Amino acid sequence: MTANKDVNDLMKELHLKREEIKNAFFKLPNYIEVMGARGGMRKEINTVIKHFSTQSLISDQLYTLIVKQFKAKKNLVSVTEIEKDHRLNAAKVNQFIKELMVNNKWSDLDAQNIFKHANYKYVQNRKVKGFVDQFFDWMLGNSAKFHYRLLNKETDEDDDFFALEEIQAGNSKKGRILGFDCAIDGKIEAICGFYNGTIKFMPSLQRSCSGLRSPEFDKFDQFKRPVYFSFDRAELMDRQLRTQFNLFVACLSLRPVRIQYGGQKMRVVTTNFEFKLSDFEPKEFQSKTKQGLLRRQFGNINSDNFQKYLSQHLSITSIYQFLYEHTHEKGSDVTTDKEGYMQDYVSFKRSNGSTKKDTIVVSSDTYPSCFWVPKTVKAQLDKIGISAGLPPEFILEFWLKYLGDLKSGIDEKDVVKWLDNEIIQTNQTITAMIDHWCQLLGTNNRLEAMQQIDGIIKGRRKPKEDISDDDIEDDDFDDGLGE
């Protein structure tokens, strides 16, 4: 390696002080280890660090590497700067980055660079939008609200706003409310996704058309049978789909609605109801202003097309696809009822009569059955639900159906009978075991017997001396503790 330049040349070319160059050199060993540099460069770097001075000679290869790193630093944006530019809450961002690190995902956004300041985190410039979008997705799935009162710029008064509403920024920039959470100053603002693809905080709002009112979703009754709809976030920010989604939101006005977010999907949960499309079609007796408002918001309404749109966004469709993909192996046919599966849970019906021809009735065919699991299991089930667009309430039913498919296609009722028999047999076996050990341990208290058994297993307690080897090693009875 030729060494025609020294540290002093680097200081002049990069306009950096001696200590700044020295700090960069101390980061070089880790950098080249990650990048997989050859041994010769490692030796040179260690030599320069050991005898660092402005006259330390540097090979052309190492000199070029350092200059490239300095130029690459200009393509990094500090997280602090991103927070300021996008009005993000610093505490929330720190929590978000910690979770990325725990899940080994921060490296996808970060970049190795020897000139990074040790007290700051950086994101590659071309990945800033992705970082901001991921952060908003994280907020929506963790801490966001879906209803809040903010200033209505049209009336200059506080107003109730809900997620899913269409809003407007300026004269023409339209988008949709995704949720509400803390912005840079700690105050709650609206998280809005715009049709140009950007997501950002809005401290005050204006509905997309003058005179529009809040949908005023009612509180969802968890004891009523649910109907689930699932929408990709990208669909909510798609200008081509805005009129159909506006119609969907308008039909839900004043109805019980619960909104959930996860996996870049917005879940809308409601109960049995009717989509009365004729309420949103222009009428001859209405003013031209009112007719124009309806056309701008909802477009040309077609009942058949809207029913198809609804069926495409029922959560059951994505649930089936998830189950199908995760239970099928090549050459097997575990789940068979592909076409009719959706109808097991939700039914569509068009009302009879000329006055109701544009009314779509949506009914849920599900009934509640709660089950309890450990906290760690629940966390895993939530992850499954998010990735599948799967309502948590349906997970038990899907297990029953899957077990039925594995047992030669029996239905859920037969699976429950089978589980009932298994539980009874297990309970009888365990009861017999405990009674046997109560006898061996000389107690009639089952709880006391269980505590003694636990102590024996874990070595905290020795078996009672009057328990003979013949009692413990009884070939005619399995005590369940193994050898």
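## A buried pair: E166 and R242

The side chains of E166 and R242 come together in a salt bridge, 2.6 Å from N to O (the term stands for a side-chain nitrogen of Lys or Arg within 4 Å of a carboxyl oxygen of Asp or Glu). E166 sits in strand β7 and R242 in helix α9 (residues 242–251), so the pair ties together parts that are 76 residues apart in sequence. Both E166 and R242 are buried, meaning under 20% relative accessible area, where exposed is over 50% and partly exposed is in between (1.4 Å probe, protein chains only). Helices (H or I, at least four residues) and strands (E, at least two) are DSSP runs, numbered from the N terminus.

A word on the ground rules: this is a predicted model, where local features need pLDDT of at least 70 and side-chain atom pairs count only at pLDDT 80 or more, while totals for chains, interfaces and linings use all residues. Residues are numbered from 1 along each chain as its sequence is written, and side-chain values use heavy atoms, with hydrogens and water left out.

## R176, an arginine without a salt bridge

R176 belongs to strand β8 (residues 173–182). R176 is buried but has no salt bridge, and the nearest side chain of opposite charge, E166, is 4.1 Å away. For charges, Lys and Arg count as positive and Asp and Glu as negative, with His and the chain ends not counted.

What does the side chain of R176 make polar contacts with? One partner is the side chain of Y195, at 3.0 Å, and another is the side chain of N246, also joined by a polar contact of 3.0 Å. A polar contact here is a pair of N or O atoms within 3.5 Å; within protein, one must be able to donate a hydrogen and the other to accept it, and residues adjacent in sequence count only if both atoms are side-chain atoms. Setting aside neighbours within four places in sequence, R176 has contacts (heavy atoms within 4.5 Å) that include E165, E166, Y195, R242 and N246. So both members of the E166–R242 salt bridge are on the contact list of R176.

## The sheet around β8

Strand β8 is part of an open sheet of 4 strands in the order β7-β8-β9-β10, with antiparallel pairing. The edge strands are β7 (166–169) and β10 (199–202), each pairing on one side only. Neighbouring strands of this sheet are turned by 50° against each other on average, direction ignored; axes are lines fitted to C-alpha atoms, for helices over the stretch in contact, and angles run from 0 to 180 degrees between N-to-C directions.

Strands β7 and β8 pair in the antiparallel sense over 4 bridges, and two strands count as paired if DSSP finds at least two bridges between them. Within that pairing, Q168 has K174 in β8 as its bridge partner.

## E165, R207 and D159

Next door in sequence to E166 is another charged link: the side chains of R207 and E165 meet in a salt bridge of 2.5 Å, N to O. R207 lies in the loop between β11 (204–205) and β12 and E165 in the loop between β6 and β7, so this pair ties together parts that are 42 residues apart in sequence. R207 counts as buried at 3% relative accessibility, and E165 is buried too, at 5% relative accessible area. D159 joins E165 and R207 in a network of salt bridges.

By contrast, the salt bridge between E19 and R18, with closest N and O atoms 3.1 Å apart, involves partly exposed residues: E19 has a relative accessible area of 44% and R18 one of 30%. The count comes to 12 salt bridges.

## A hairpin and two positive phi values

D159 is also the bridge partner of L150, in β6. Strand β5 (residues 147–152) and strand β6 (residues 157–162) run antiparallel and are joined by 6 bridges, forming a hairpin with 4 residues between them. In the turn, D156 has a positive phi of about 60° although it is not a glycine, and at 61% relative accessibility D156 counts as exposed.

L254 is another such case, with a positive phi of about 70°. L254 lies in the loop between α9 and β13 (258–262) and is exposed, at 59% relative accessibility. Most residues other than glycine have a negative phi.

## The wider chain

The protein chain has 17 helices and 17 strands, and buried residues make up 43% of its 483 residues. In strand β12 (residues 227–232), 5 of the 6 residues are buried, so β12 is largely enclosed by the rest of the structure. Strand β12 is joined by 6 bridges to the antiparallel strand β14 (residues 265–270), where F229 stands opposite V268.
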